[in-house]
Amino acid sequence: MDYKLLKEARKKRGITQKEMAEALGYSGKSGYSCLETGKIKVSVDKSLEIKKILDLSETEYQNIFFASEVQETRT
C-alpha cells in the first residue's frame, strides 16, 4: 500500500482527515490518521469505501492499495 499516494489523493480532493474519518464511521480523526500512516491495516472492504469516497479511478485505486513491490531474489 502506498500511504503517500493515499494522502495526496485525499488532499487533492480537498477532504480532511476528519471528514474521511466521519465518512468511514470512525469516532474521531485519529482512526483514519492511523490508517493513512500505516499504523493499522486496511481491509479490502475499507479500501473500496475509500475508493468510493475519494472517487478514485481504477488506476489510482490499484496504485494506492495494491502498489507493486517487487523483491529481487537471487538463486
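I will go through helix H5, its aromatic residues and a few residues around them. Keep in mind that this is a predicted model.

Start with H5 itself, which runs over residues 58–65. Its buried residues are Tyr61, Ile64 and Phe65. Those three cover an arc of only 75° around the axis, so they sit on the same side of H5. What do the buried residues of H5 pack against? Their partners are helix H1, residues 3–12, and helix H4, residues 44–54.

Next, the rings. Searching the whole structure gives 2 aromatic pairs. One of them is tyrosine 61 with phenylalanine 65: the centres are 5.3 Å apart and the planes are at 45°, and because an angle of under 30 degrees would be stacked and over 60 edge-to-face, this pair is tilted. Both residues lie in H5, 4 residues apart, which is about one turn of the helix. Tyrosine 61 has a relative accessible area of 5%, and phenylalanine 65 has 9%. With the limit for buried at under 20%, both therefore count as buried.

Tyrosine 61 also forms an aromatic pair with phenylalanine 66. Here the distance is 5.6 Å centre to centre with 70° between the planes, and the pair is edge-to-face. Is phenylalanine 66 buried or partly exposed? Its relative accessible area is 42%, so phenylalanine 66 is partly exposed. Taken together, the ring pairs link Tyr61, Phe65 and Phe66 into a cluster.

Tyrosine 61 has a charged neighbour as well: lysine 51 lies over the face of its ring, at 5.2 Å from the ring centre. There is another such arrangement at tyrosine 26, where the charged end of lysine 46 sits over the ring, 4.9 Å from its centre.

On to H4, which contains serine 47. Serine 47 is buried, with a relative accessible area of 3%. Which residues does serine 47 touch, leaving aside those up to four places away in sequence? They are Val42, Tyr61 and Phe65. Two of these names, Tyr61 and Phe65, we have just met among the buried residues of H5.

Last, the loop between H4 and H5, where aspartate 55 is found. Aspartate 55 has a positive phi of about 50°, although it is not a glycine. Its relative accessibility is 63%, so aspartate 55 counts as exposed.

That is the end of the tour; I can take questions now.

Terms used
Residues are numbered from 1 along each chain as its sequence is written. This is a predicted model: local features need pLDDT of at least 70, side-chain atom pairs count only at pLDDT 80 or more; totals for chains, interfaces and linings use all residues. Side-chain values use heavy atoms; hydrogens and water are left out. Buried means under 20% relative accessible area, exposed over 50%, partly exposed in between (1.4 Å probe, protein chains only). Helices (H or I, at least four residues) and strands (E, at least two) are DSSP runs, numbered from the N terminus. The arc is that of the directions from the helix axis to the C-beta atoms. Contact means heavy atoms within 4.5 Å. Rings of Phe, Tyr and Trp (its six-membered ring) pair if their centres lie within 6.5 Å; planes under 30 degrees apart count as stacked, over 60 as edge-to-face and the rest as tilted. A charge sits over a ring if NZ of Lys or CZ of Arg is within 6 Å of the ring centre and within 35 degrees of the ring normal.
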